[in-house]
Number of protein chains: 2
Amino acid sequence: MTDPPRHDPLNPVDDTARALARGLMTGATSGALAVLEEDGGPFVSRIALAPSPEGVPMALLSGLSVHTRALMADPRCALLLGEPGAKGDPLTHPRLSLRALAAFADPAEDTDLRAHFVRLRPKAAVYAGLPDFRAVRFRPLSASLNGGFGRAYALAASDLAP
Amino acid sequence: MTDPPRHDPLNPVDDTARALARGLMTGATSGALAVLEEDGGPFVSRIALAPSPEGVPMALLSGLSVHTRALMADPRCALLLGEPGAKGDPLTHPRLSLRALAAFADPAEDTDLRAHFVRLRPKAAVYAGLPDFRAVRFRPLSASLNGGFGRAYALAASDLAP
């Protein structure tokens, strides 16, 4: 017999976990976006976020940025959603590690999606009209939800669907 | 002649930018850690951080977590440092996108590094003694510093040295 594990890394997914994950996806105003650079190494930067009309995370990204060039070459990405508060332990705040594929809007839809984003995040009006910016959706693949120490869940795409 | 760019993506690195980057590296109590999973895709999660005795970011990571297993297989990683405040536009807060290599402490040093971390981050005492946790340093390779919209800098390892 070996010693029992000191803390169970995963809990069974239930409706409470699904609702918490959905709330983090639609409520995030910013998040950490991880992408792959040309050499295959990871890069992570902060972006502004809002829910798309269908309820997946979306952003307006500058074509001049490292993350946009990376996503145009390889759409695999990850988002960390759920910012810690200014006080207290940042590891006790719920957060979602979302695996996703980036889908840039086609030109016919891009203008409408930019306007949708600016309606939800008025401060984005500063850059939403710049010619190098593009609207992008993050299509959820799976996620790891952490509701605090010892409260981890592995979610499938179906758990994350709007 | 083409139109001039609407905003210059990079500013020349100066001592003010280096000091801001160093402050974000040593002052961060948490950050977003991006790693590579087995399939080569990115994953990003929140970890607690403190400066190592030499002044690079370090953490205590659980061997049960996705990010630790990923780093043991491939040490390439990235850290987003500089949490936005509770109020205001999260994209106006300075942040550092650091490319790094994870270096797990060897067993002879691991106990001392755990104790160092707990001295700086007393709340880590809850998990620092668990048998699956390991001390890890993040050795800086290069970084992108963003001091707010239009204030971006590309920093080399020499700009980030303590």
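**A shared nonpolar core and the contact between two chains**

In this predicted model, the largest nonpolar core contains 92 residues, and those with the most contacts inside it are A:Ala34, A:Val44, A:Leu79, B:Ala34, B:Val44 and B:Leu79. In soluble globular proteins, nonpolar side chains tend to be buried together.

It helps to look next at how the two copies are arranged. A turn of 180 degrees, with a shift of 0.0 Å along the axis, lays chain B on chain A with an RMSD of 0.0 Å. The two copies are therefore related as by a two-fold rotation axis. Both copies use the same surface, since 100% of the contact residues of chain B recur in chain A.

The contact draws 37 residues from chain B and 37 residues from chain A. On the side of chain B that touches chain A, the elements giving two or more residues are β1 (30-36), β2 (42-48), β5 (76-81) and β6 (95-104) of chain B. Of these, β2(B) provides the largest share, six residues. By residue type, this side of chain B divides into 21 nonpolar, eight polar and eight charged residues.

Two residues of chain B show how the core and the contact come together. Beyond its neighbours within four places in sequence, B:Leu79 touches A:Val44 in the other chain, while its contacts in chain B are B:Gly31, B:Ala32, B:Leu33, B:Pro57, B:Leu98, B:Ala100 and B:Phe138. One of these partners, B:Ala32, sits in strand β1 of chain B. B:Ala32 counts as buried because it has 28 C-beta neighbours inside 10 Å, where 20 or more are needed. Setting aside neighbours within four places in sequence, B:Ala32 is in contact with A:Ala32, A:Val44 and A:Leu80 across the chains, and with B:Val44, B:Arg46, B:Leu79 and B:Leu80 in chain B. The C-alpha atom of B:Ala32 is also 9.4 Å from that of B:Gly82, although the two residues are 50 apart along the chain.

Turning to chain A, strand β2 (residues 42-48) is mostly covered, with seven of its seven residues buried. One side of β2(A) carries A:Pro42, A:Val44, A:Arg46 and A:Ala48, the other carries A:Phe43, A:Ser45 and A:Ile47, and both faces are covered. Strand β1 (residues 30-36) of chain A runs antiparallel to β2(A) and is joined to β2(A) by seven bridges. Among the residues paired in this way, A:Gly31 has A:Ile47 as its bridge partner. Five residues lie between the strands in the hairpin of β1(A) and β2(A), where A:Gly40 takes a positive phi near 85 degrees.

Definitions and conventions
Residues are numbered from 1 along each chain as its sequence is written. Chains are lettered from A and ligands numbered from 1 in the order in which they are written. This is a predicted model: local features need pLDDT of at least 70, side-chain atom pairs count only at pLDDT 80 or more; totals for chains, interfaces and linings use all residues. Copies are superposed by least squares on the C-alpha atoms of residues with pLDDT of at least 70 in both. Two residues are in contact if their C-beta atoms, placed from the backbone, lie within 7 Å. Helices (H or I, at least four residues) and strands (E, at least two) are DSSP runs, numbered from the N terminus. Ala, Val, Leu, Ile, Met, Phe, Trp, Tyr, Cys and Pro count as nonpolar, Asp, Glu, Lys and Arg as charged, and the others, Gly among them, as polar. A nonpolar core is a set of buried Ala, Val, Leu, Ile, Met, Phe, Trp, Tyr and Cys residues joined through C-beta atoms within 7 Å. A residue is buried if 20 or more other C-beta atoms lie within 10 Å of its own, exposed if 12 or fewer, and partly exposed in between; C-beta atoms are placed from the backbone. Two strands pair if DSSP finds at least two bridges between them.
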